[in-house]
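This report covers overall dimensions, domain layout and the ligand shell.

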Amino acid sequence: MILPYRKVSIAPMMDWTNRHFRYFIRLITKYVNLYTEMISEHAIYHKRNSQKDLKHLLDYDSCEHPLIFQIGGSHIPIIKECVKIVEEWNYDGININCGCPSEKVFENQFGAILMAEPRFIANIVKEIKKVSKLPVSIKHRLGIKSNHLDKTHYEDLKEFIKICYNEGGCEHFIIHARHAYLGKYSPKKNRVVPPLIYEWVYQIKEEFPELMIEINGGIDNIQDILNHLKYVDAVMIGRAAYEDPYFLIDIDEVFLNQKNSLSRKEIFLKFVSYVLDQIDQGIYPHSVVIHTFGLFRGIKNSNKWKQYLTKELTNLKKYPIEKLPKELVYDILTKSLEILPEPIYEANRHTIVL
Ligand SMILES: Cc1cc2nc3c(=O)[nH]c(=O)nc-3n(C[C@H](O)[C@H](O)[C@H](O)COP(=O)(O)O)c2cc1C
């Protein structure tokens with residue numbers, strides 16, 4: 001079956017859910033499934049003979065488990081090679097991207113356009129299972145529409161799932177509860193304009209009770225997570241986790257019965273040592289710290305804090321990375337917290353009705 005999946009996941013998000021952000025999220029919650037950003041089949045395949053390049057692409061911290069690798073692609077032999085590599089790197093699962101509406105992705109025949117070809121996707125799943133024991137899931141939309149095709153009816157969605165399950169053996173579907181309009185809206189608009197229809201996802205769970213059905217789209221608080229869990233198996237959170245990550249602080253208490261009492265400032269201070277370690281890996285602090293910028297959302301002076309860090313950390317790029325003084329970085333990061341009000345006890349901010 002579909003282990004070790006948890007009931008809450010953080011969505012794959014390009015340029016956002018890289019390993020720095022995922023490490024940061026783990027300071028807030030140990031519970032959630034983490035996903036990589038979508039990584040294209042070609043990116044891995046072309047680097048397959050260089051351990052150094054693969055490390056750059058695939059490396060992660062052990063705290064990130066359970067960690068699922070999202071692949072974008074449609075060339076079965078290449079995907080199979082990639083999956084073998086991903087398994088060697090001890091990821092906990094493979095997720096196939098059938099939801100991305102970007103024009104570039106669309107032209108390359110992967111992402112949401114693949115929803116038009118359920119038999120083809122089923123075959124990808126089947127072929128992956130021949131070379132790997134990793135659980136395979138599919139992330140997709142309610143349906144798709146372009147100039148040439150219209151697959152926007154509930155029956156199309158049901159058919160997609162039925163075929164991927166019966167013919168491919170896929171047992172885990174993550175459904176972004178919106179349609180995608182290909183060639184009409186940008187990816188950003190495709191995440192906002194098409195309305196959310198959660199009821200279709202609930203109905204799919206009713207019709208396929210044996211499958212793991214995970215809902216995604218517009219979910220940004222713990223109470224709503226719990227409400228969705230009355231109808232589906234799991235909930236995936238995207239933008240809210242990046243833009244306001246501290247709302248996840250109560251997750252461990254709700255799902256693991258382990259309270260995380262760290263304040264926002266304490267979380268940031270714990271992240272400082274990670275930032276300093278990354279300098280040894282040749283990574284400038286700005287590109288790491290930027291992923292924490294949602295931490296003080298809604299708190300007084302949050303914008304000033306971000307502005308201060310942006311200015312000070314960008315300035316550091318004048319140093320060659322090997323000469324960057326860590327004490328200076330430490331001072332900038334810890335001093336930035338003085339801009340913010342004193343921490344109040346913040347964990348368990350939500351009144352949760354179980
Ligand atoms: C910046 C950004 C990048 C994204 N990149 C990916 C991606 O690489 N793969 C994917 O399946 N979805 C991607 N998505 C879509 C999210 O995974 C998610 O399905 C979508 O944001 C809806 O969830 P939300 O309303 O909770 O944000 C991305 C979303 C954003 C905001």
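The radius of gyration is taken over C-alpha atoms, and the globule rule is 2.2 Å times the number of residues to the power 0.38. For the 354 residues of this chain the rule puts a compact globule near 20 Å; the chain has 21 Å, which agrees. The model is predicted.

Along its principal axes, the C-alpha trace spans about 55 × 50 × 40 Å. Buried residues account for 40% of the 354 residues in the chain. Among contacts with a separation of 6 or more, 74% join residues 24 or more positions apart. The secondary structure consists of 15 helices and 10 strands.

Two domains divide the chain: domain 1 (8-256) and domain 2 (264-345). Their centres, taken over C-alpha atoms, are separated by 30 Å. Each domain gives 11 residues to the contact. On the domain 1 side, α1 (19-28) and α10 (239-243) each supply at least two residues. The largest share there comes from α1, with 6 residues.

Around the ligand there are 22 residues, of which Ala11, Met13, Met38, Gly238 and Arg239 come nearest. The table sets out the composition of this shell beside that of the side of domain 1 that touches domain 2.

| Residue group | Nonpolar | Polar | Charged |
|---|---|---|---|
| Side of domain 1 that touches domain 2 | 8 residues | 1 residue | 2 residues |
| Shell around the ligand | 10 residues | 8 residues | 4 residues |

Definitions and conventions
Residues numbered from 1 in each chain as written. Predicted model: local features only at pLDDT ≥ 70, side-chain atom pairs only at ≥ 80, totals over all residues. Domains from an automatic or database assignment. Contact = placed C-beta atoms within 7 Å. Helix = DSSP H or I, 4+ residues; strand = E, 2+ residues; numbered from the N terminus. Nonpolar A, V, L, I, M, F, W, Y, C, P; charged D, E, K, R; others polar. Near = placed C-beta within 6 Å. Buried ≥ 20, exposed ≤ 12 C-beta atoms within 10 Å, placed from the backbone.
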